[in-house]
Amino acid sequence: SNQVLHALLSSLEYNMENLIFNQLGSCPSSVKTSDIGSAPFEIKSASAMDMSNSDFARTATSFRNFVSQKPDSQFPAKAGRYHLYISYACPWASRCLAILILKGLEKAISFSSVQPLWRKTKESDEHMGWVFPDSDTEVLGADPDRLNGAKSIRELYDIASPNYTGKYTVPVLWDKKLKTIVNNESSEIIRMFNTKFNHVAENPSLDLYPPNLQTIIDDTNEWIHDDINNGVYKCGFATNQETYDVAVKALFHALDRCEETLRKQRFLCGNTLTETDIRLFVTLIRFDEVYAVIFKCGKRLVREYYNLFNYTKDIYQIAGLSSTVKMDHIKQNYYGSFPSLNPLEIIPLGTNIDYSWPHDRNRFSSEIPLRRDCARRELEHASLVCELSLILLEIFGRLF
């Protein structure tokens with residue numbers, strides 16, 4: 001019947017799209033931020049979580065000071081004065097590190113990571129949180145705290161404010177001179193990195209929040225945060241079916257919206273990389289390996305979205321950004337730090353996606369050249385498409 005034929009054709013189209021597009025595309029470029037152009041946002045505080053109710057919410061961050069370019073300010077923008085504490089597992093902290101690297105601030109602002117698994121932060125109570133390893137070799141990619149000798153992020157908060165009673169979160173932008181926390185709100189830290197340190201940045205011309213795009217960046221960041229960045233947590237920590245159903249519907253509606261947008265342009269706010277893309281990227285890179293499983297977001301994987309998957313590979317391949325992704329830290333944290341969701345702490349094997357594989361996003365810009373060693377692969381892909389086209393023609397011929 002026509003219905004059967006339509007269903008068959010739809011299935012063929014969907015599966016062939018994934019098969020061809022996951023193999024076909026431009027070869028991976030060694031993308032430099034200076035090639036991408038000029039191109040952030042401020043939204044709700046998103047560094048701390050409150051799991052006390054079924055409608056998952058995030059508690060507001062507490063340290064909201066700003067670095068200034070005025071030399072007489074409390075927190076002047078001086079090279080070597082600040083340190084960024086992160087966790088490679090945490091998306092909110094990772095986006096700060098990503099902006100730091102994009103701007104070329106590694107020499108001006110030092111950074112280090114806690115270990116991925118939450119542990120007791122004090123012997124006197126049961127609080128579990130971010131802790132530092134005891135040595136460089138204990139956890140690859142994590143560092144002891146050489147600035148303050150702290151054993152946990154909690155100790156840093158106690159140093160900054162002895163009477164502090166809030167959440168002990170990362171990221172933490174630390175003032176080495178005053179020995180205090182400048183800011184622990186990721187959306188504000190990335191804004192500071194974008195503009196306040198340009199005089200010491202290796203890539204000062206990169207503007208991730210340009211005036212001509214600020215309105216669309218702000219609008220896009222709002223629904224990206226609510227429905228995707230925070231949306232996966234709403235799904236994961238929902239305590240009843242109705243709450244989960246609402247959250248998962250909003251999540252995939254937003255992902256579908258991104259997919260459609262990226263069908264027409266290279267990045268979310270046009271053909272210019274902006275802060276919005278980094279904010280989305282840190283969720284997408286974690287989606288298939290952790291959110292789809294432990295947060296029950298497996299309706300459709302990122303790698304099953306043609307444009308979103310290629311977009312994720314595109315951003316991953318921007319010079320320096322792959323260093324911000326440590327999947328072993330990510331999986332250890334999510335599968336080992338939420339006993340209510342995974343009491344046995346078993347880490348699934350996963351697919352180990354190689355995000356350095358070819359993508360097709362160069363079709364939206366011509367200023368980024370292909371790597372020369374990809375010419376042979378392009379010919380192989382073209383041959384594959386021809387063969388698949390012949391198979392499809394044969395199938396359609398038999399159907400009709």
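Hi everyone. Let me start with a term: two rings of Phe, Tyr or Trp count as a pair when their centres lie within 6.5 Å. Keep that in mind, and also that what we are looking at is a predicted model.

With that definition, the structure holds 26 aromatic pairs. Ring pairs join ten residues that I'd like you to find on the screen: Trp-118, Trp-130, Tyr-233, Phe-237, Phe-252, Phe-287, Tyr-291, Phe-295, Tyr-334 and Phe-338 form a cluster.

Let's zoom in on one pair from that cluster. How are the rings of Phe-287 and Tyr-291 arranged? Their planes stand at 80° and their centres are 6.4 Å apart; planes over 60 degrees apart count as edge-to-face, so that is what we call this pair. Both residues belong to helix 9, and because they are four residues apart there, about one helical turn separates them. Phe-287 is buried, at a relative accessible area of 0%, and Tyr-291 is buried with a value of 0% too.

Now compare Tyr-334 and Phe-338. Here the ring centres are 6.1 Å apart and the planes make 45°, so this pair is tilted. Tyr-334 and Phe-338 are both buried.

Tyr-334 brings us to helix 11, which covers residues 327-336. How many of its 10 residues are buried? Eight of them, so please picture a helix that is mostly covered. Besides Tyr-334, the buried set includes Met-327, His-329, Lys-331 and Asn-333. And what do these buried residues pack against? Their neighbours are helix 3, strand 2, helix 7 and helix 9.

Just before helix 11, have a look at Gln-317, in the loop that follows helix 10. Its relative accessibility is 11%, and because buried means under 20%, Gln-317 counts as buried. What does the side chain of Gln-317 reach? One target is the backbone oxygen of Trp-357, at 2.7 Å. Another is the backbone oxygen of Ser-356, at 3.4 Å.

On to the sheet. It is an open one, made of four strands in the order 2-1-5-6, with mixed pairing. Strand 2 and strand 6 are at the edges with a single partner strand each, so each has one side without a neighbour in the sheet. From one strand to the next, the twist averages 35°.

Strands 5 and 6 pair in the antiparallel sense, over three bridges. If you want a spot to click on, Asp-175 has Thr-180 in strand 6 as its bridge partner. Helix 4, residues 153-160, packs on this sheet and touches strands 1, 5 and 6, with its direction at about 45° to that of strand 5. Helix 3 lies across strands 1 and 2, and runs at about 140° to strand 1.

Between strand 5 and strand 6 there is a loop, and Leu-178 lies in it. Is Leu-178 buried, exposed or partly exposed? Its relative accessible area is 41%, so Leu-178 is partly exposed. Leaving aside residues up to four places away in sequence, Leu-178 touches Gln-74, Phe-75 and Arg-81. Its C-alpha atom is 9.9 Å from that of Tyr-82, although the two are 96 residues apart along the chain.

Last stop, two charges over rings. Arg-300 lies over the face of Tyr-305, 3.9 Å from the ring centre. Lys-326 has its charged end over the ring of Tyr-88, at 4.9 Å from the centre. Thanks for listening!

Definitions and conventions. Residues are numbered from 1 along each chain as its sequence is written. This is a predicted model: local features need pLDDT of at least 70, side-chain atom pairs count only at pLDDT 80 or more; totals for chains, interfaces and linings use all residues. Side-chain values use heavy atoms; hydrogens and water are left out. Helices (H or I, at least four residues) and strands (E, at least two) are DSSP runs, numbered from the N terminus. Buried means under 20% relative accessible area, exposed over 50%, partly exposed in between (1.4 Å probe, protein chains only). Contact means heavy atoms within 4.5 Å. A polar contact is a pair of N or O atoms within 3.5 Å; within protein, one must be able to donate a hydrogen and the other to accept it, and residues adjacent in sequence count only if both atoms are side-chain atoms. Two strands pair if DSSP finds at least two bridges between them. Axes are lines fitted to C-alpha atoms, for helices over the stretch in contact, and angles run from 0 to 180 degrees between N-to-C directions. Rings of Phe, Tyr and Trp (its six-membered ring) pair if their centres lie within 6.5 Å; planes under 30 degrees apart count as stacked, over 60 as edge-to-face and the rest as tilted. A charge sits over a ring if NZ of Lys or CZ of Arg is within 6 Å of the ring centre and within 35 degrees of the ring normal.
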